[in-house]
Amino acid sequence: MPEEIKIRCWDGVGNHGMQYFESLQEIADYYRGHKYQAEMLFTGLVDKNGKEIWEGDILVKFCPCCSKDLTGEFTEIKEMIFKDGKFVLKDANYHYDLNRYEVIGNIYENPELLENTHGTARLNK
């Protein structure tokens, strides 16, 4: 039996925002005559809360041991990308446990979450 394929498309120009599909045919039918800016695949992975992780998602890991600010929390923020035939966290140079990460947005609807973070930032919860 084939594995489940889930795709989402970002239409940053129109009022559609993020659209979710279960097949390439659904995309073709929906976007006939329309354009979308990006398509992303479901990774088949879930975050620590059981939320689906998609290509282009922004994930955060709270690391109280790394450093402290006024809230006592320090965060590590990474983007999920597809590279070398697999889904990985961008700029992660070590083994990471996705069960410690949480999806907080995506690069299209929440690009400000990645601005000036260099992968590590304080985040107001």
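**Entry 1: the core**

I started with the largest nonpolar core, which has eight residues: Ile53, Leu59, Met80, Leu89, Ala92, Leu98, Tyr101 and Val103. A nonpolar core here is a set of buried Ala, Val, Leu, Ile, Met, Phe, Trp, Tyr and Cys residues joined through side-chain atoms within 4.5 Å. Buried means under 20% relative accessible area, exposed means over 50%, and partly exposed is in between (1.4 Å probe, protein chains only). My textbook point for today: in soluble globular proteins, nonpolar side chains tend to be buried together.

**Entry 2: ground rules**

I noted that this is a predicted model, where local features need pLDDT of at least 70 and side-chain atom pairs count only at pLDDT 80 or more, while totals for chains, interfaces and linings use all residues. Residues are numbered from 1 along each chain as its sequence is written, and side-chain values use heavy atoms, with hydrogens and water left out.

Next I looked up the confidence. pLDDT is the predictor's confidence in each residue, from 0 to 100. The protein averages 78, and 74% of the residues score at least 70. Confidence is highest in strand E4 (residues 52-54), at a mean of 95, and lowest in strand E9 (residues 120-121), at 48. Note to self: where pLDDT is low, the predicted coordinates should not be read in detail.

**Entry 3: the overall layout**

I found one helix and nine strands in the protein. Both come from DSSP runs, numbered from the N terminus: helices are H or I with at least four residues, strands are E with at least two. Reading from the N terminus, I get β-β-α-β-β-β-β-β-β-β. Of the 125 residues, 38% are buried.

I also checked contacts, meaning heavy atoms within 4.5 Å. Among the contacts with a separation of 6 or more, 51% are between residues 24 or more positions apart.

**Entry 4: the open sheet**

Here I followed four strands that form an open sheet in the order E2-E1-E3-E4, with antiparallel pairing. E2 (17-21) and E4 are at the edges with a single partner strand each, so one side of each has no neighbour in the sheet. From one strand to the next, the twist averages 35°. For that angle, axes are lines fitted to C-alpha atoms (for helices over the stretch in contact), and angles run from 0 to 180 degrees between N-to-C directions.

Strands count as a pair if DSSP finds at least two bridges between them. E1 (residues 7-11) and E2 are joined by five bridges and run antiparallel. I spotted Ile7 opposite Phe21 in E2.

**Entry 5: the E6-E7 hairpin**

E6 (residues 75-83) and E7 (residues 86-89) run antiparallel too, joined by four bridges. Met80 stands opposite Leu89 in E7, and both of these are in the core from my first entry. The two strands make a hairpin with two residues between them.

Asp84 caught my eye in the loop between E6 and E7. Its phi is near 55°, a positive value in a residue other than glycine. Asp84 is exposed, with a relative accessible area of 72%.

**Entry 6: Asp57 and Val103**

Is Asp57 buried or exposed? Asp57 is buried, at 3% relative accessible area, and lies in strand E5 (residues 57-62). Its side chain reaches the backbone nitrogen of Trp54 at 2.7 Å. I listed what Asp57 touches, not counting residues up to four places away in sequence: Arg8, Glu52, Lys78, Glu79, Met80, Val103, Gly105 and Asn106.

Then I turned to Val103. Leaving aside neighbours within four places in sequence, Val103 is in contact with Asp47, Lys51, Glu52, Ile53, Asp57, Ile58 and Leu59.

**Entry 7: pairs from far along the chain**

Val60 lies in strand E5 and is buried, at 0%. Its C-alpha atom is 6.7 Å from that of Ile104, 44 residues apart along the chain.

Which loop holds Asn99? Asn99 is in the loop between E7 and strand E8 (102-106), and is exposed at 55%. The C-alpha atoms of Asn99 and Asn49 are separated by 8.1 Å, with their positions 50 residues apart along the chain.

Last, I looked up Pro111, in the loop between E8 and E9. Pro111 counts as partly exposed, at 38% relative accessibility. Its C-alpha atom is 8.8 Å from that of Ile58, 53 residues apart along the chain.

Definitions and conventions:
Polar contact = N/O pair within 3.5 Å; in protein donor to acceptor, adjacent residues only side chain to side chain.
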